[in-house]
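Colleague: Could you take me closely through one part of this model, namely how its helices pack against each other, and then follow the contacts outward into the loops around them? I would like one connected account rather than a list.

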Amino acid sequence: MRVSTTNAKCKSCGQHFETPFLSDFSYGEFVYSNQSGQKYRYLFGLNNKTWDFVQSIVDDNDKLKTKDKGEIIQKVLGHIADNDSKADFYQNKKLICPNCGQDSKIVDRDVVTGSIDIDEMTFDRFEKSTPTEKENEIKLLIK
């Protein structure tokens, strides 16, 4: 997926770097990064069988507030996505500096600096599991 980039600046080390971002009109689309901020993945959540399965488990949990469910689904998807390392996972909650791994911020979202290709997020390992194994994994991540 080709995604626009903009400038960002690390709050800790001051490093300037380009980061991918989606427009405000990108309903159901997400950009995730790994914990080091060096790898990105694109997720289209609409008509996505993995999203739908996770959502069904989250929706069945009466202990969760309705307003939190979308964020929980996104978090779970980042954890169950295919990754090179089980210790690492993808997240879309904050912008991570690829230099020091700390929290960063976008400098000017209105200024597009270029674009990059981002691989789609995949769930091959998760999808090979049985429905019971999938449900148990999701429930562990929700806790």
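Modeller: What follows is an account of the helix packing, followed by the loop residues.

This is a predicted model, and I begin with helix H1, residues 49–59, and helix H2, residues 69–80, whose axes come within 10 Å and cross at roughly 130 degrees. Angles over 145 degrees would count as roughly antiparallel and those from 65 to 115 as roughly perpendicular, and H1 and H2 are therefore oblique to each other. In passing H2, H1 makes a right-handed crossing. On the H1 side the meeting residues are Thr50, Trp51, Val54, Gln55, Val58 and Asp59, and on the H2 side they are Lys69, Ile72, Ile73, Gln74, Val76, Leu77 and Ile80. Sorted by class, the residues of this contact between H1 and H2 comprise eight nonpolar, three polar and two charged.

Helix H4, residues 131–142, also packs against H1, for the axes of H1 and H4 come within 10 Å and cross at roughly 60 degrees. That angle makes H1 oblique to H4, and the crossing of the two is right-handed. H1 contributes Phe53, Val54, Ile57 and Val58 to the contact, while H4 contributes Pro131, Lys134, Glu135, Ile138, Lys139 and Ile142. The contact of H1 with H4 has seven nonpolar residues and three charged ones, with no polar residue among them. Val54 and Val58 of H1 thus appear in the contact with H2 and again in the contact with H4.

The remaining pairing to describe is that of H2 with H4, where the axes come within 10 Å and cross at roughly 120 degrees. This makes H2 oblique to H4, and H2 passes H4 in a right-handed crossing. Here Ile72, Val76, His79 and Ile80 of H2 meet Glu137, Ile138, Leu141 and Ile142 of H4, and by class the contact of H2 with H4 has six nonpolar residues, one polar and one charged.

Ile72 is a useful residue on which to join these descriptions. Ile72 is placed in helix H2 and, when residues up to four places away in sequence are not counted, touches Val58, Leu64 and Ile142. Of these partners, Val58 belongs to the H1 side of the contact between H1 and H2, whereas Ile142 belongs to the H4 side of the contact between H2 and H4. By contrast, Val3, which is 69 residues from Ile72 in sequence, lies 24 Å from Ile72 in space, C-alpha to C-alpha.

From the helices I turn to Phe123, which sits in the loop between strand E6 (114–117) and helix H3 (124–127). With a relative accessible area of 6%, Phe123 is buried. Leaving aside neighbours within four places in sequence, Phe123 is in contact with Leu43, Thr50, Leu77, Ile80, Ala81 and Asp82; among these, Thr50 of H1 and Leu77 and Ile80 of H2 also take part in the contact between those helices. Phe123 and Asp82 are 41 residues apart in sequence, and their C-alpha atoms are 5.3 Å apart.

Before H1, in the loop between E4 and H1, is Asn47, where phi is near 55 degrees, a positive value in a residue other than glycine. Most residues other than glycine have a negative phi. At 79% relative accessibility, Asn47 counts as exposed.

Asn34 occupies the loop between strand E3 (29–33) and strand E4 (40–44), and at 5% relative accessibility counts as buried. A polar atom of the Asn34 side chain lies 3.0 Å from the backbone nitrogen of Gln38. Beyond its neighbours within four places in sequence, Asn34 is in contact with Lys39, Asp88, Phe89, Tyr90 and Ile96.

Ile96 leads on to Gln91, which has Ile96 among its contacts, together with Val31, Tyr32, Ser33 and Gln35, again leaving aside neighbours within four places in sequence. Gln91 lies in the loop between H2 and strand E5 (104–106) and is buried, with a relative accessible area of 9%. A polar atom of its side chain lies 2.9 Å from the backbone oxygen of Lys94. Ile116, at a separation of 25 residues in sequence, is 19 Å from Gln91 in space, C-alpha to C-alpha.

Definitions and conventions: Residues numbered from 1 in each chain as written. Predicted model: local features only at pLDDT ≥ 70, side-chain atom pairs only at ≥ 80, totals over all residues. Heavy atoms only, no water. Axes fitted to C-alpha atoms, helices over the stretch in contact; angles between N-to-C directions. Helix = DSSP H or I, 4+ residues; strand = E, 2+ residues; numbered from the N terminus. Parallel < 35°, antiparallel > 145°, perpendicular 65-115°, else oblique. Left-handed = near helix turned anticlockwise from the far one by under 90°. Contact = heavy atoms within 4.5 Å. Nonpolar A, V, L, I, M, F, W, Y, C, P; charged D, E, K, R; others polar. Buried < 20%, exposed > 50% of the residue type's maximum accessible area, 1.4 Å probe, protein only. Polar contact = N/O pair within 3.5 Å; in protein donor to acceptor, adjacent residues only side chain to side chain.
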